[in-house]
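Hi,

Here is the structure I promised to pass on. Have a look at it first, and then read my notes underneath.

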Amino acid sequence: MIIVYSIEDLKKELSLIKESIGFVPTMGYLHNGHISLIEKSVKENKKTVCSIFVNPTQFGENEDLEKYPKDIENDINMLKKANCDIVFIPKTSDIYKENKVFVDILGFSDCLCGKKRPGHFKGVLTIVCKLFNIVRPDRAYFGEKDYQQYIIIKKMVKDLNFDIDIRIGDIIREFDGLAMSSRNSYLNEEERKKAVFLYDLLCYAKKNAYMGQKRIELENKIEKYIIEKIDCNIITKDYANIRDGIDLELKEFISENSRLFLAFFVGKIRLIDNGRLL
Ligand code: AMP
């Protein structure tokens, strides 16, 4: 596996590749969720590029940019084992040198995490757009775990005419159902145990959903479940919304596209999850 630290060096390496390139952008502190995307790319492309870059423009002022977890050595070992071909670890100053142009989206980002984290998706779209232009992949891989991000990136690729196939990978979970996340490492023992609440809530919603059901009816049930089961000392709700998985709109009735989107603070750590209802 080749490790490159500058755009220039990456471009040199990429110019030698004539076959298909799969790309997996990450912020590092890799876990099996990331690795599942690398493995998918390795299967579907001749070469796989992974980037590790903690993108400052997608963090709000009071978020965890400064203390975002890092373990580059372990990341590199995991990527080697997964047969990744190139890992790109750029410096912030290299990526955002005198940057004045940003990419943003109308609609799609005014709900869920877009509403709760103003500016977040502008930062995400800007970095993904930059990385796409640097790497020029044939296919790029994103996790279902960040489903709104996946939808927004697909829309950017369509509207800005990128010739890149955006693919989605399943959510990889811990033994008890908690979605893997670099942020899980912040949780203390008790918080970690309680964090499974998000998955339990998803399972409860799935069990209680049926085709043609009024969305409001299911949302009311979900609210009741939250009030009854949540441990208020440790967990607080940021949102729990049912939206359509294609256009992220609110629909009156539950259909095969309906998804439950969750964001909860466990202690001070904000965790997200989502899943289809049918
Ligand atoms: P991040 O490093 O958090 O920016 O994530 C990089 C990519 O890995 C994104 O496309 C995420 O959606 C994806 N990802 C994160 N957690 C998981 C997971 N548990 N299962 C599958 N993909 C994931």
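Below is what I found, starting with the sheet and moving on to a few single residues.

One thing to keep in mind from the start: this is a predicted model.

**The sheet**

The 6 strands make an open sheet, and if you walk across it you meet them in the order β1-β4-β3-β2-β5-β6, with parallel pairing. At the edges you'll find β1 (2-4) and β6 (165-169), each of which pairs on one side only. On average, neighbouring strands of this sheet are turned by 25 degrees against each other, ignoring direction.

If you want to zoom in on one pair, try β2 and β5 (residues 139-143), which run parallel and are joined over 2 bridges. There, F23 sits opposite A140 of β5.

Two helices pack on the sheet. Helix α6 (residues 120-135) touches β2, β3 (47-52), β4 (86-88), β5 and β6, and its direction makes about 150 degrees with that of β2. Helix α7 (residues 147-159) touches β5 and β6, and its direction makes about 170 degrees with that of β6.

**G28 and S181**

Next, have a look at the loop between β2 (21-26) and α2 (32-44), which is where G28 is found. Is G28 buried or exposed? Its relative accessibility is 1%, and buried means under 20%, so G28 counts as buried. Apart from neighbours within four places in sequence, G28 is in contact with H34, I52, D75 and S182. You can also check the C-alpha atoms of G28 and I76: they are separated by 9.5 Å, with the two positions 48 residues apart along the chain.

S181 lies in another stretch, the loop between β6 and α8 (189-194). With a relative accessible area of 17%, S181 is under the 20% cut-off and is therefore buried. Which residues does S181 contact, leaving aside its neighbours within four places in sequence? Those are H31 and K145.

**The start of the chain**

Finally, turn to M1, in the segment before β1. M1 has a relative accessible area of 32%, so it is partly exposed. Together with I3 and Y5, M1 makes a nonpolar surface patch of about 250 Å².

That's it from me. Shout if anything is unclear when you open the file.

Cheers

Key: Residues are numbered from 1 along each chain as its sequence is written. This is a predicted model: local features need pLDDT of at least 70, side-chain atom pairs count only at pLDDT 80 or more; totals for chains, interfaces and linings use all residues. Side-chain values use heavy atoms; hydrogens and water are left out. Helices (H or I, at least four residues) and strands (E, at least two) are DSSP runs, numbered from the N terminus. Buried means under 20% relative accessible area, exposed over 50%, partly exposed in between (1.4 Å probe, protein chains only). Contact means heavy atoms within 4.5 Å. Two strands pair if DSSP finds at least two bridges between them. Axes are lines fitted to C-alpha atoms, for helices over the stretch in contact, and angles run from 0 to 180 degrees between N-to-C directions. Patches are made of residues with over 30% relative accessible area and no salt bridge: like charges are joined within 9 Å, nonpolar side chains (Val, Leu, Ile, Met, Phe, Trp, Tyr) within 5 Å. Accessible areas come from the Shrake-Rupley method with a 1.4 Å probe; for residues, only the protein chains shown count as cover. A salt bridge is a side-chain nitrogen of Lys or Arg within 4 Å of a carboxyl oxygen of Asp or Glu.
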